[in-house]
Amino acid sequence: MKQFVAALAVGLVLATPTFAAEPLVVYSAGPASLSSALAKAFEAKTGTPVEMFESTAGKIMARYQAEKSNPHADVMISASWGHALTLDEAGELLPYTSPNAAQVPAALKSDRYVAQGAAALSIAYNPKSGLPAPQHWADLTHPSYKGQVTMPDPAKSGSALTLVQGLVAQDSANAWTLFSQLAANDLLVPGANKAALNPVLQGAKGVVFGAVDYIIIGAKAKGESIEVVYPSEGTVLAPRPVMILKSSRHAETAKQFVDFLLSDQGQQLVAEEYILPARTDVPAKRPGWNELAIIDFDAKQAAEQATATKAKFASVIAK
Amino acid sequence: MPAATLTAGAAWQGRSLRPLLLALATLLMLTLIGLPMLAILLYALFPQINEWSLAAPFSALLPNLMDAQLIGATLNSLSLSLGVTLLSCILALPLAFRRAQMSTRQGRLWDALLLVPFLIPPYIGALSWMQLLQVNGFSEQLLGFNLAGFLYSFPGIVTVMALHLFPMIYFATSKAFAVIGNRYGDVARVFGGSPLQIFARIHLPMVLPTLLSSGLIVFVLTIEEFGTPEILGSRFGFRVIVTAIHEKFSDWPIDLPGASVLSLILILLAFFAYRLHQRLARRFSSAVENQSLAAPARPVSTAQRLIDLLLFGSAVTLAVLLPLLTIGVSALLDTLSGGLSLDNMSLRHLGGLFVRDGAAWAAISTSLTLALLAALGSVAIAILVAFTVVRLRTRGTALLDFLSILPNAIPGMAVAVGLILTWNQPFWPATPYNTPAILLVAYICLTLPYPIRMLTAALKQLPRSLDDAAYISGAGELRVILRILTPLLAPVALAAGFIVFAIASRELVSSLMLAPPGVETVATYVFHQFDQGSINAGMAMSLVTILVSGSIIVLGQRLPGSRQPEGKTQ
C-alpha cells in the first residue's frame with residue numbers, strides 16, 4: 001500500500017506541469033553537426049531547451065518568409081550575409097550588441113546582427129589531376145587549365161556571388177576581363193557549391209574557382225585528394241550572420257543564445273568545423289585571420305547591385 | 001428492363017449518398033490541394049500575402065514575366081516534357097503488353113524490379129548516371145570509354161528522365177491490358193490477325209485512355225522535375241522553368257512571390273496538357289464490356305519467353321541495375337577522388353548513417369510510418385475521387401480532376417510554401433503545422449495525382465453495367481464502392497499504393513522545408529548528417545532507403561489483393 005501511495009505521489013508530481021523555460025526556436029543553416037552541438041551545449045548551460053530547425057540557407061529564409069503572418073523563429077543563423085542585409089533593411093531585426101562581440105572585426109558586425117564565423121573563398125584543386133598547382137585567380141586562365149576549371153554559379157551560391165562582388169569591387173575592369181578569359185578557357189558553371197566541387201573530386205575536372213574553404217579542408221581531412229589555395233592578391237569572406245528577429249517572443253533568451261554563440265565555448269564549436277571563428281582571439285583550426293589577405297569592400301553597396309552583377313556575370317560567361 | 005422499373009425506387013434511395021460523396025470528395029480535394037494551390041496563386045498576385053496584407057497587388061507579375069530568358073525556358077520545358085513522355089510511352093508499351101500475358105509469379109518479379117526507379121530520388125539518379133558515364137567516370141575507369149557528350153545533351157536528358165519515369169506508364173497500362181484480357185486478341189487470332197495487327201488495332205486503342213492519363217502524369221512530372229535538368233542541363237546551358245524557380249529559392253535573395261509567379265506558368269502548361277488529354281481521351285474512350293479479369297493463361301512458346309526475357313532484361317538493366325549498381329558502388333567508395341579501386345572501398349558512409357544513437361532508426365520509423373499512412377490515405381481518397389469524377393459526372397468534377405494533377409506540376413518547394421501559408425494561420429482552431437502531421441499532409445498532397453490518375457483510368461474501363469446491376473439489386477453507393485468497385489480496382493489500387501509509399505519514403509524537398517524542429521525523416525536525416533559531405537553519403541542513404549522500402553514493397557506484393565486480380569467478392 002505504501003508503495004502504491006508513493007507511486008501515486010511520484011505520478012502526481014510528474015504530471016504537474018513543470019515550469020521549465022519555454023524553448024527557444026532557432027532556424028539554422030548547415031552544418032547540422034554544428035547546430036545540434038550548439039543547441040545541446042546551450043541547453044546544458046542554461047537549462048533552456050533549443051528547438052533547432054536545420055536546413056539550407058535558402059530554405060530557412062523561405063520558411064521564415066512564408067511564416068510571417070504567424071512567426072515562430074526567435075534566432076536565425078544563415079550562411080548568407082545578404083540575408084542579414086535584407087532583413088535589416090526591412091527593419092525585421094532586433095537591435096542587440098553582445099558583450100562577447102568586442103573581438104569580432106567591425107566588418108562582421110552591426111547593432112542588429114553579428115557573424116558567428118566565416119568561410120573564405122579559395123581555389124581548390126585535385127593534385128591527382130596532374131595540373132600545375134595554381135597560386136592566383138588569373139592562373140586559371142592559362143591554356144594548361146583549359147576545360148579543367150569549374151565555378152559555383154553566383155545565381156545559386158551566395159558565397160560565389162560574394163567573390164564576384166569582391167573581385168569587381170577591387171578592380172572592376174580587371175575582374176570582368178578575368179571572367180571573360182575564364183569563359184574563353186571553357187569554365188564550367190554547373191550549379192551551387194557542391195555541383196562545382198564534385199566533378200573535381202571525381203576527376204572529371206581539375207580545379208574549383210571560388211570554393212568554400214572549410215568544406216575543402218573537411219573533405220581533405222576525410223582523405224579526399226584536394227588542396228586549398230588562397231590567392232595572395234586577396235579573397236573574400238562569406239560570413240555567417242546571427243540575427244534576433246523582432247517578432248521573437250523570447251527576446252531575453254535569444255540574447256543569451258547570441259552571447260553563448262560568441263562565447264569561448266560557442267566559438268570553439270565553430271572552429272571544430274574548420275570554419276573561421278568570428279572572434280579574432282579564438283584560435284582557428286585552419287588558416288586564421290592573420291594568414292588571409294581579405295579584400296575589403298562595401299557589402300551593402302554590392303548587395304544593392306547584386307541583380308545587375310549576377311546578370312552581367314551570366315552574360316560574360318555565356319559568351 | 002421491367003426489373004429496373006420495379007426496383008427504381010429502392011435504387012434511387014440507395015443513391016441518396018451521391019451529394020454526400022461529392023461533397024466529401026470536394027472537401028478533401030479542396031483542403032489538401034485546393035488551399036495550398038490557392039495560396040500560391042494569391043502569393044503571385046499579392047506579394048505581401050505572407051504578412052496577411054493585400055498591399056502592392058500584382059507588383060510581382062510583370063518584373064518576373066519580363067525576363068527575356070523565360071520564353072526559351074518555357075519552350076525547353078515543353079520540348080523536354082514532350083520528349084520524355086513520348087520516349088516513356090515507347091519504352092513502356094511493349095513491356096506492359098507482354099506483362100499482361102505473363103504468369104503472375106514471373107510478372108510480379110518484373111513489377112517489383114520496375115518499382116525501384118520510384119525509390120530513387122531523381123537527383124541521385126542523375127548523379128549516378130553522371131558518375132557512370134562522365135569523363136573519368138566508372139565506365140571510363142572500367143571499360144575505357146565515356147559518354148559525357150551524350151549525357152550532356154538534349155537526347156541524354158530525355159533518356160535519363162524517361163528511364164526514370166516510364167514505369168509510371170508501364171504500371172498503369174499493364175493493369176489496363178490485364179483488364180482487357182486475352183479474349184479479344186484470341187478472337188482476332190482465330191480470324192487470322194497477325195500479332196502486330198492485334199496489338200495495334202485491338203489492344204492499343206483499348207488501353208489508349210490509360211496511356212493518355214499516365215502519359216499526362218509523366219508530362220506534368222517532367223515539367224516539374226528539378227534534379228535532372230539542374231544536374232545535366234546546366235552542363236550545356238539548357239534552362240527550364242523549374243531551374244528559374246529554384247534560383248529564387250536557392251540562396252539570396254529569396255523571392256517567394258517571384259517563384260509563385262513562375263509556378264503559374266507551370267500551372268498553365270499543366271492546364272493545357274490536361275485539356276489536350278481530355279480531348280484525346282474523349283475521342284478514344286473505350287469501356288470494356290464483358291471483360292474477363294482472369295485471363296485464361298495461354299501457353300507461351302520458348303521463343304516468346306526468350307524475347308520477353310530480352311525485353312524486360314534490357315529495360316531492367318538500363319532503368320534499374322545500372323543506376324542501382326552505381327549507387328551501391330558509390331556508397332562503398334571511401335573517397336570520391338580515390339576512384340574505383342579495392343583499397344578505396346569502405347563501409348564508412350553506410351556505417352556513418354547509424355552513428356547518432358537511435359536517431360537514424362527514429363528517422364527510418366518516422367519515414368516508414370508516414371509513407372504507409374500516406375499510401376493508405378492517398379489511395380482511399382483517390383478511390384473516392386475517382387468514383388466521383390468517373391461515375392457521378394456532375395458539374396464541377398472536371399475541376400476536381402484538374403486539381404488532382406496540380407501538385408505534380410509545381411516544384412515541391414512551392415507546394416511547401418503553399419502549405420505553410422495555408423496551415424500556419426492563427427485562425428485555425430487546430431493545425432497540423434509544426435507537428436509531424438504536416439509531413440503527412442504534404443506527402444498526400446504531393447502523391448495524390450498518381451493514384452487518382454491510375455484509378456480514374458482503371459475505373460473508366462470498368463463497365464457501368466456492373467454498378468447498375470448492383471443498384472438495381474438495391475445496393476447503395478457505399479456498397480457499390482466498397483463491395484464491387486474496390487475489389488475490382490484492388491490490383492490497381494495496390495500498385496498505386498506502392499508508388500505512393502515509394503515516393504513518400506524518400507521525399508526530400510518539402511520535408512526539408514516543413515519538418516517541425518527536431519523531427520527527421522530518412523531523407524532529411526541523411527541530408528543533415530552529410531550536409532557538407534560527399535555525394536557518396538547521399539548514395540549510401542539512397543541504398544538504405546531502396547533496400548528498406550523495397551523489401552516492404554516486396555512483402556506487400558504478397559498481399560492477397562495483388563495476387564488475385566479477379567478480386568474476391570467475399
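Reader: Why is Thr222(B) called buried?

Author: Its relative accessible area is 2%. Buried means under 20%. Thr222(B) therefore counts as buried. This is a predicted model, and every value here is computed from it.

Reader: Where is Thr222(B) found, and in which helix?

Author: Thr222(B) is in helix α11 of chain B, which covers residues 195-224.

Reader: What touches Thr222(B), not counting residues up to four places away in sequence?

Author: Leu80(B), Ser81(B), Val84(B), Met161(B) and Leu165(B). Touching here means heavy atoms within 4.5 Å.

Reader: Why is Trp423(B) called buried?

Author: Its relative accessible area is 9%. The cut-off for buried is under 20%. So Trp423(B) is buried.

Reader: Where does Trp423(B) lie, and in which helix?

Author: Trp423(B) lies in helix α20 of chain B, residues 412-423.

Reader: Which residues does Trp423(B) touch, not counting those up to four places away in sequence?

Author: Trp423(B) touches Thr31(B), Trp428(B), Thr431(B), Pro432(B), Tyr433(B), Ile438(B) and Val441(B). Two of these names, Ile438(B) and Val441(B), return as buried residues of α21(B).

Reader: How far apart are Trp423(B) and Gly215(B), in sequence and in space?

Author: They are 208 residues apart in sequence. In space, C-alpha to C-alpha, the separation is 32 Å.

Reader: What makes helix α21 of chain B largely enclosed by the rest of the structure?

Author: Count its buried residues. Helix α21 of chain B runs over residues 437-447, and 9 of its 11 residues are buried, so the rest of the structure largely encloses it.

Reader: Which residues in α21(B) are buried?

Author: Ile438(B), Leu439(B), Val441(B), Ala442(B), Tyr443(B), Ile444(B), Cys445(B), Leu446(B) and Thr447(B).

Reader: What lies in the loop between α20 and α21 of chain B?

Author: Asn434(B) is one of its residues. Asn434(B) has a positive phi of about 65°, although it is not a glycine.

Reader: Why is Asn434(B) called partly exposed?

Author: Its relative accessible area is 29%. Partly exposed covers the span between the buried cut-off, under 20%, and the exposed cut-off, over 50%. So Asn434(B) is partly exposed.

Reader: Why does the radius of gyration of chain B agree with a compact globule?

Author: A compact globule of 570 residues would have a radius of gyration near 25 Å. Chain B has 24 Å, so the two agree. Its C-alpha trace spans about 75 × 65 × 50 Å along the principal axes.

Reader: How many helices and strands does chain B have?

Author: Chain B has 28 helices and 0 strands. Of its 570 residues, 59% count as buried. The chain exposes about 22,800 Å², and carbon and sulfur atoms supply 70% of that.

Reader: How many helices and strands are there in chain A?

Author: Chain A has 12 helices and 9 strands. Its C-alpha trace spans about 90 × 40 × 35 Å along the principal axes. Buried residues make up 57% of its 319 residues. Carbon and sulfur atoms supply 56% of the roughly 12,900 Å² that chain A exposes.

Reader: How far apart do the charge centres of chain A lie?

Author: Chain A has 26 positive and 28 negative side chains, and the two centres lie 5 Å apart. In chain B, the mean positions of 33 positive and 24 negative charges are 16 Å apart.

Reader: Why does Gln170(A) count as partly exposed?

Author: Its relative accessibility is 42%. Buried would need under 20%, and exposed over 50%. Gln170(A) therefore counts as partly exposed. Gln170(A) sits in helix α5 of chain A, residues 158-170. Beyond four places in sequence, Gln170(A) touches Glu233(A) and Ile295(A).

Reader: Why is Tyr274(A) called partly exposed?

Author: Its relative accessible area is 26%. Partly exposed runs between the cut-offs of 20% and 50%, so Tyr274(A) qualifies. Tyr274(A) is in the loop between α10 (264-272) and β9 (276-277) of chain A. Its phi is positive, about 70°, although it is not a glycine.

Reader: How many residues of chain A are in contact with chain B?

Author: 53 residues of chain A are in contact with 50 residues of chain B. In chain A, Arg63(A), Lys156(A) and Gln202(A) lose the most area to chain B, together 15% of what that side buries.

Reader: What area do chain A and chain B bury between them?

Author: About 4,400 Å², with 51% of it on carbon and sulfur atoms.

Note on methods:
Residues are numbered from 1 along each chain as its sequence is written. Chains are lettered from A and ligands numbered from 1 in the order in which they are written. This is a predicted model: local features need pLDDT of at least 70, side-chain atom pairs count only at pLDDT 80 or more; totals for chains, interfaces and linings use all residues. Side-chain values use heavy atoms; hydrogens and water are left out. Helices (H or I, at least four residues) and strands (E, at least two) are DSSP runs, numbered from the N terminus. The radius of gyration is taken over C-alpha atoms; the globule rule is 2.2 Å times the number of residues to the power 0.38. Buried means under 20% relative accessible area, exposed over 50%, partly exposed in between (1.4 Å probe, protein chains only). Accessible areas come from the Shrake-Rupley method with a 1.4 Å probe; for residues, only the protein chains shown count as cover. Lys and Arg count as positive and Asp and Glu as negative; His and the chain ends are not counted. The place of a charge is taken as NZ of Lys, CZ of Arg, CG of Asp or CD of Glu. Buried area is the accessible area (1.4 Å probe) that two parts lose on being put together, summed over both.
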